[in-house]
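Let's take a walk around the metal site and its neighbour. Keep the 3D view open as you read.

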Amino acid sequence: MSILIRGGTVVNAGGEQQADVLISNGKIVDVANNLDAPDGGRVIDAGGSYVIPGGIDPHTHMELPFMGTVASEDFFTGTSAAAAGGTTMCIDFVIPAPQENIVEAWKKWRGWSEKAACDHSFHVAITWWDDSVHRDMEILTKDYGVNSFKHFMAYKGAIMCDDEVLGNSFSRARDLGALCTVHAENGELVWRLQQEIFDKGITGPEGHPLSRPPEVEGEAANRAIRIAEVLGVPLYLVHTSCIDALEAVTRAKLEGQRVFAEVLAQHLVIDDSVYRNKDWRFAAHHVMSPPFRPKEHQAALWRGLQSGMLQTTATDHCCFCTPQKEAGLNDFRAIPNGTNGIEDRMSVIWEHGVRTGKLTPSEFVAVTSTNAAKIFNVYPQKGIIAPGADADIVVWDPERSRTISAETHNQNIDFSIYEGMTVTGVPAITISQGKVVYEDGELKTVRGAGRYINRPCFPSYWHNQMLRNELAEPTSVER
Ligand code: URQ
Ligand code: ZN
Ligand code: ZN
């Protein structure tokens with residue numbers, strides 16, 4: 001079935017143009033003016049709207065088993081909610097338990113993601129180490145389309161990596177041509193602060209941010225960056241939430257190190273006052289890591305996005321309904337960490353970024369789609385409106401508004417961190433693989449229609465040559 005999107009303003013990261021877009025067999029076939037309507041195909045009038053690449057959310061956790069429960073959003077409901085918000089691809093995480101074979105873990109997650117409505121891919125977390133992990137990382141890169149390996153520096157006693165595992169995995173990823181990503185919080189310090197705070201009698205959600213101050217993130221961010229620098233591997237920091245971490249990223253980038261960094265939409269617009277709300281349920285639903293920060297960090301994060309020190313926006317969509325959050329009623333350490341957001345990211349960034357003049361529409365496309373496609377090596381299949389690209393497209397109405405609410409959202413959670421926020425700039429139509437999956441408020445997703453997207457490893461020039469040059473040509477020893 002072919003579709004002609006007529007009369008819109010096509011916006012790519014590289015610029016805007018008035019043009020029609022012709023789609024056929026799941027691909028974009030032409031972008032030009034005055035295109036003829038296809039025989040028997042549909043014509044969409046995009047006059048007054050932007051035509052943008054489908055959003056890519058590089059950080060989600062559908063049906064994640066975590067902290068004694070399982071995230072309430074599954075791959076079908078989550079990718080459907082994504083489509084309702086203009087996101088047509090997510091990169092989720094295979095998180096093997098320590099000692100779990102990482103290829104078997106990938107197969108388990110792939111079984112869960114068979115139900116996805118939109119395209120998706122997996123980062124694979126390295127949560128332990130032995131020769132089998134060393135072996136299987138290569139199998140994942142060569143046979144399973146994995147080019148990014150995640151490392152949790154937090155969550156001591158569960159999935160936390162120590163420096164030895166970081167060193168083993170970073171080196172292996174480098175040699176395979178893969179990218180390393182990190183959740184940068186010093187898990188030892190978090191654990192210690194959690195005990196101290198709880199022992200002082202602070203058991204409510206207000207204890208959560210106290211146990212994870214910006215310094216704890218800044219230390220881990222810098223440590224991961226330095227380890228990556230010495231070992232010569234590209235690094236991607238997920239959910240950069242504070243000035244301390246942003247400064248570490250900025251220093252490294254200004255020194256020419258290949259470091260990428262992500263910011264969550266929620267960290268740009270929500271501050272730590274949420275934890276002082278008297279409603280336990282409200283505060284607990286904002287328990288995520290890293291936590292929401294004091295307001296001054298938001299201004300710095302926006303500058304990081306505007307300056308290019310932060311390249312992508314994500315959601316870390318990891319939903320737990322109220323009864324699940326209540327596992328931590330008497331102990332903030334037991335509140336499952338995570339929030340919603342996959343349906344709201346694009347409109348939140350448009351409302352608070354484009355409509356305030358911080359970002360142009362092209363910069364919006366870059367930080368919600370194109371940069372993630374490039375960093376994770378699916379560009380130009382994804383992240384651009386151009387012939388040959390997948391027909392993942394959003395007709396974006398910059399004047400239409402909606403008020404975000406758990407009462408009306410498509411996310412499978414009984415709370416929204418954006419409850420009551422009115423945003424102007426929403427998808428009118430979302431197209432995934434050339435098919436309309438969302439139109440004027442109505443979901444049209446099909447269970448299982450989403451594909452797993454293979455992501456090839458990177459050419460060697462992606463990997464800083466510092467260490468490899470020295471290893472390859474040992475400095476001559478004066479005789
Ligand atoms: O740490 C993460 O990214 C996962 C476990 C989601 N939860 C969170 O609080 N960010
Ligand atoms: Zn994380
Ligand atoms: Zn996460």
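A quick definition before we start: an N, O or S atom counts as a donor to a metal such as zinc when it lies within 2.8 Å of it, and water is not among the atoms, so a site may look incomplete. Bear in mind, too, that this is a predicted model.

## Two zincs side by side

Start with the pair of metals: the zinc ion (ligand 3) and the zinc ion (ligand 2) are 3.6 Å apart.

## The ligand 3 zinc

Which protein residues hold the zinc ion (ligand 3)? Its protein donors are His59 and His61, each through NE2, plus Asp316 through OD, and they lie 2.0 to 2.2 Å from the metal. Along the sequence, these donor residues follow the spacing H-x1-H-x254-D.

The arrangement here is tetrahedral, because the four donor atoms around the zinc ion (ligand 3) subtend angles of 86 to 130°, and the cut-off asks for all angles between 85 and 135 degrees. For reference, the ideal angle for four tetrahedral donors is 109.5 degrees.

Are the two histidines buried or exposed? His59 has 0% relative accessibility, so it counts as buried. His61 is buried as well, at a relative accessible area of 4%; the cut-off for that label is under 20%.

## The ligand 2 zinc

On the protein side, the zinc ion (ligand 2) is coordinated by ND1 of His183 and NE2 of His239, at 2.1 Å.

Why is its geometry called irregular? The four donor atoms around the zinc ion (ligand 2) subtend angles of 56 to 144°, so the arrangement gets that label.

## Ligand 1 and its surroundings

Now for ligand 1, which has 13 residues around it. The closest are Tyr155, His183, Ser289, Asp316 and Asn337. Two of those names should ring a bell: Asp316 is a donor to the zinc ion (ligand 3), and His183 is a donor to the zinc ion (ligand 2).

Some polar contacts can be picked out by distance. An N or O atom in the Tyr155 side chain is 2.5 Å from an oxygen of ligand 1. For His183, a polar side-chain atom lies 3.1 Å from a ligand 1 oxygen, and for the His59 side chain the distance from an N or O atom to an oxygen of ligand 1 is 3.5 Å. On its own, ligand 1 has 280 Å² of accessible area, and the protein covers 100% of it. Where does ligand 1 sit? Look in the largest cavity.

Technical notes: Residues numbered from 1 in each chain as written. Chains lettered and ligands numbered in written order. Predicted model: local features only at pLDDT ≥ 70, side-chain atom pairs only at ≥ 80, totals over all residues. Heavy atoms only, no water. Donors = N, O, S within 2.8 Å, 3.2 Å for Na, K, Ca; no water. Tetrahedral: all angles 85-135°; square planar, octahedral: opposite > 155°, others 65-115°. Buried < 20%, exposed > 50% of the residue type's maximum accessible area, 1.4 Å probe, protein only. Near = heavy atom within 4 Å. Polar contact = N/O pair within 3.5 Å; in protein donor to acceptor, adjacent residues only side chain to side chain. Areas by Shrake-Rupley, 256 points an atom, 1.4 Å probe, with all protein chains shown as cover. 1 Å grid on protein atoms, 1.4 Å probe; cavity = no way out; pocket = protein on both sides within 12 Å on 5 of 7 lines; lining within 4 Å. Sits in = over half its atoms within 2 Å of the grid points.
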